[in-house]
Amino acid sequence: MSRSYRKYLLHDKFPLFWCGGCGNGIIIASLARALARLGVEPHRVVATTGIGCFGKADDYLATNSIHGTHGRALAFASGVKGANPDLTVVSLMGDGDCATIGGNHFLHAARRNIGITAIVSNNLNYGMTGGQYSATTPLGEYSSTSLYGNPEEGFDLCEVARAAGASLVARGTVYHVGVLDRALEEALQNPGFSLVEVMSSCPVHYGRRNRLPSPVDMMNHWKTRGVPISRFAKLSPEKQMEHFPIGVLHRRDRDDFATRYRRIQQDAGGVRS
Amino acid sequence: MNTLAHEDTCTNKRREVVLAGSGGQGLVFLGRLVGQAAARAGLRVVQTQSYGVASRGGFSKSEVIVSEAPIAYPMAMDPWGVLALTDEARRMYRQGESANRLVVFDRYLSSDPEAAGERGFPFTQESRSLNIEGSFNLMALGAFLALRPVVPYAEVLSILREDGSARGEANVEAFQHGVHLAGDS
Amino acid sequence: MSAQRSFVQGNEAVVEGALAAGARYFAGYPITPSSEIAEMAARKLPGVGGVYMQMEDEIASMAAIIGASLTGKKSFTATSGPGLSLMLENLGMAIMAEVPCVIVDVQRSGPSTGLATKPAQADVMMARWGSHGDHSAIVLAPSSVQECFDLTVRAFDLAEQLRHPVLVLSDAIVGHMREDVHFPEPEALDPITRRDPDVGPEEYVMHADGADGLPVPLPPFGSKYLVRANSSAHDPSGYPSADPGLARANIRRLHDKVEDAVEWISDYSLIGPDEPDVLLISYGASARTAEQLVVDPPTDSRPALLKLRTLWPFPDRVIRDTVASFPGVPVVVPEMNLGQIVREVQRVVGKEHPCYGYHRSDGQPIEPGELHRFVEDVVT
């Protein structure tokens with residue numbers, strides 16, 4: 001593989017800020033590789049982030065960026081893409097940012113099918129603030145605010161995105177990097193809204209409290225739980241309960257927001273057809 | 001349309017009128033019409049309106065202030081004329097202390113006999129007999145402006161005529177009929 | 001043609017002003033009494049190649065206009081108090097990242113949902129201090145439909161010049177009333193447009209001042225320049241930094257660039273007799289009530305009016321000089337709240353000078369009669 005993906009990264013800002021065993025660096029590298037393969041110039045890319053561990057993703061990207069407020073990465077991105085559909089817009093969020101405080105923006109960005117690639121590093125808890133439970137923490141699991149087990153059920157973000165209208169929904173893990181690379185490449189080419197959920201490791205907070213205390217434990221966890229969608233479909237219902245599908249889970253052919261709005265502009269005489 | 005003088009339109013005095021009744025009677029439309037006519041006539045004008053649930057029924061009003069000089073306070077303080085299209089509106093404004101105030105009302109909608117400072121007209125019946133009931137409010141406005149000429153009729157008519165629809169024609173007819181009702185009485 | 005007078009609503013004049021200033025992006029969430037602004041933006045923007053986006057809430061609306069502005073499109077939103085409460089979060093982002101944008105708040109009676117269709121002027125302090133952290137604010141207050149147009153044009157200019165969000169603080173009276181107005185021909189306006197930086201992409205530093213003392217130009221996303229808009233404390237390039245010295249310099253610069261510009265931001269007018277017996281200081285719809293006392297003064301009354309069109313940064317010097325020019329004349333500040341601008345005026349004129357607020361907070365306008373009765377009591 002060519003090393004050209006390096007131009008998307010701020011090498012002078014390394015080493016990464018995140019804890020040992022964190023999956024975030026793997027996701028950023030995968031994004032950089034996908035951009036390199038597609039040949040998008042860094043100055044044509046806008047990365048928006050919110051707050052939280054993965055909210056610092058833009059610190060390492062040599063692209064334009066909006067490091068915004070907590071949960072609002074998709075709202076900033078919607079303004080960027082709405083005003084200039086020619087830009088490549090990616091929103092990098094954690095599960096707290098995207099699924100929890102930003103859940104409403106997530107629903108509506110998917111509903112609008114606006115051309116943003118939402119990349120969610122889902123580590124099943126709030127890492128930055130000390131490992132509290134989020135909207136994706138599974139029922140019964142432990143966190144610094146669910147010491148007796150989480151009383152709430154977590155979202156399946158891919159199902160939420162599909163129901164809300166996203167035109168591409170994919171899931172990867174930080175172990176299955178090939179799957180992730182391909183999913184990101186396809187998502188970045190989708191004109192409408194794409195979700196790429198990445199199951200990511202947080203051994204320091206999530207893992208330590210849920211019997212996966214080391215980086216290797218967490219990697220093994222993803223390795224055994226993540227099953228390519230084609231194979232997942234053939235598993236028995238009991239087996240499916242213990243696993244989750246990875247790869248591109250859902251594609252839907254529908255016009256994106258820019259295409260639809262351009263028609264409105266043409267009808268109003270604001271742009272030439 | 002020159003049956004009535006409108007010398008009062010040509011002073012720089014502040015003139016306040018209130019168009020009051022209930023939601024759905026098109027009072028905001030009337031207010032905008034008067035305001036637009038004033039602006040076309042080169043007058044300074046402010047129009048305000050009741051807003052919110054009032055425009056979906058219940059008491060509703062539109063106020064228009066016309067002057068040759070810039071207008072400071074944008075609401076009516078002592079209206080010179082009131083078009084009252086409900087009994088409630090009529091009672092609300094006839095208690096005013098202004099000696100100059102005229103309250104124009106619809107005899108069908110408010111049946112008490114005329115008191116000093118009031119003029120009642122059969123707008124509802126007339127508009128029904130002419131089969132232009134939907135333009136009853138324009139008939140009322142025509143009569144009102146004949147008695148309280150804050151804007152030239154010609155401007156109102158030219159705006160009404162710009163709407164070439166059947167409704168627009170009915171509005172023109174109703175407005176002119178209203179002017180004559182007031183002029184003949 | 002230029003004498004042509006239109007008859008439009010205050011909210012409509014805001015959109016006319018925005019379009020005349022070159023705005024091409026609106027994101028918002030409908031709320032009374034501002035919804036006509038969204039409706040007219042939705043109707044007019046596509047025809048000029050612009051974009052209207054209806055967002056899921058006011059938090060997203062504010063975020064979206066920041067994102068859009070960073071692509072080079074002049075952007076605005078409109079709301080009322082409950083919506084501004086939500087926008088405060090990302091108002092801070094626009095301040096921190098120095099992103100030009102315009103927010104129109106058509107004030108209504110609160111607190112909370114309050115009297116949703118009734119006017120108030122009680123968002124004055126929220127507009128100044130609502131967003132957390134040290135910051136300044138630029139807030140303009142129209143009192144007529146003409147000023148809705150004029151001040152919206154000015155708001156976009158100030159936003160571009162100072163790379164700062166600018167609030168137009170209208171109210172339900174001004175927003176909903178219709179008046180005859182004059183919209184200048186497009187060529188008569190000379191709105192400030194974004195220009196390219198003076199240096200190349202390698203040397204460009206986003207958070208710095210140019211030779212004119214104003215923030216350097218902001219290149220759009222997609223140009224050769226890389227732009228890092230950052231809500232976190234950052235160095236002049238926009239890269240995050242926790243260095244106390246950098247934080248101090250950044251906060252100071254963001255604050256001072258506005259406060260130091262108070263003289264040329266301040267817009268006001270003084271009307272009335274040379275020797276008034278009372279000085280009224282007001283703004284927005286209440287200034288119209290005060291103006292009524294000046295243009296049609298009750299017998300034995302000689303009020304003057306200092307009408308403020310800029311509320312923030314607060315025009316201390318203007319207040320001080322005007323009050324000093326009328327020695328011993330008491331000051332009355334009428335406003336539709338329980339006392340917001342009056343406290344600023346009292347701070348400026350000092351404890352010794354007689355200065356009183358006249359307040360009404362029931363969703364009704366201050367009437368000339370009641371204000372006159374209050375003024376009479378103050379004068380005698």
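In which sense do strand 2 of chain A and strand 10 of chain C pair, parallel or antiparallel? The two strands, the latter covering residues 228–230, pair in the parallel sense over three bridges. Within this pairing, Ile66(A) has Ala229(C) as its bridge partner. Strands are said to pair if DSSP finds at least two bridges between them. Helices (H or I, at least four residues) and strands (E, at least two) are DSSP runs, numbered from the N terminus.

This is a predicted model, in which local features need pLDDT of at least 70, side-chain atom pairs count only at pLDDT 80 or more, and totals for chains, interfaces and linings use all residues. Residues are numbered from 1 along each chain as its sequence is written, while chains are lettered from A and ligands numbered from 1 in the order in which they are written.

**Chain A and chain C**

The contact between these chains takes 33 residues from chain A and 37 residues from chain C; two residues are in contact if their C-beta atoms, placed from the backbone, lie within 7 Å. On the side of chain A, two or more residues each come from strand 2 (64–67), helix 2 (73–83), helix 4 (103–112) and helix 11 (257–267). Helix 2 of chain A provides the largest share, eight residues.

**Chain C and chain B**

Here 19 residues of chain C are in contact with 17 residues of chain B. Helix 10 of chain C gives the most to the side of chain C that touches chain B, namely five residues. Strand 2 (residues 44–49) of chain B and strand 9 of chain C run antiparallel and are joined by two bridges. Gln47(B) has Arg178(C) as its bridge partner in strand 9 of chain C.

**The domains of chain C**

The domain assignment, which is automatic or from a database, gives domain 1 (1–265) and domain 2 (267–379) in chain C. Their C-alpha centres lie 28 Å apart. The contact between them takes 28 residues from domain 1 and 22 residues from domain 2. Helix 5 of chain C gives the most to the side of domain 1, with four residues.

**Residue classes**

Ala, Val, Leu, Ile, Met, Phe, Trp, Tyr, Cys and Pro count as nonpolar, Asp, Glu, Lys and Arg as charged, and the others, Gly among them, as polar.

| Side | Nonpolar | Polar | Charged |
|---|---|---|---|
| Chain A, touching chain C | 12 residues | 17 residues | four residues |
| Chain C, touching chain B | eight residues | five residues | six residues |
| Domain 1 of chain C, touching domain 2 of chain C | 19 residues | four residues | five residues |
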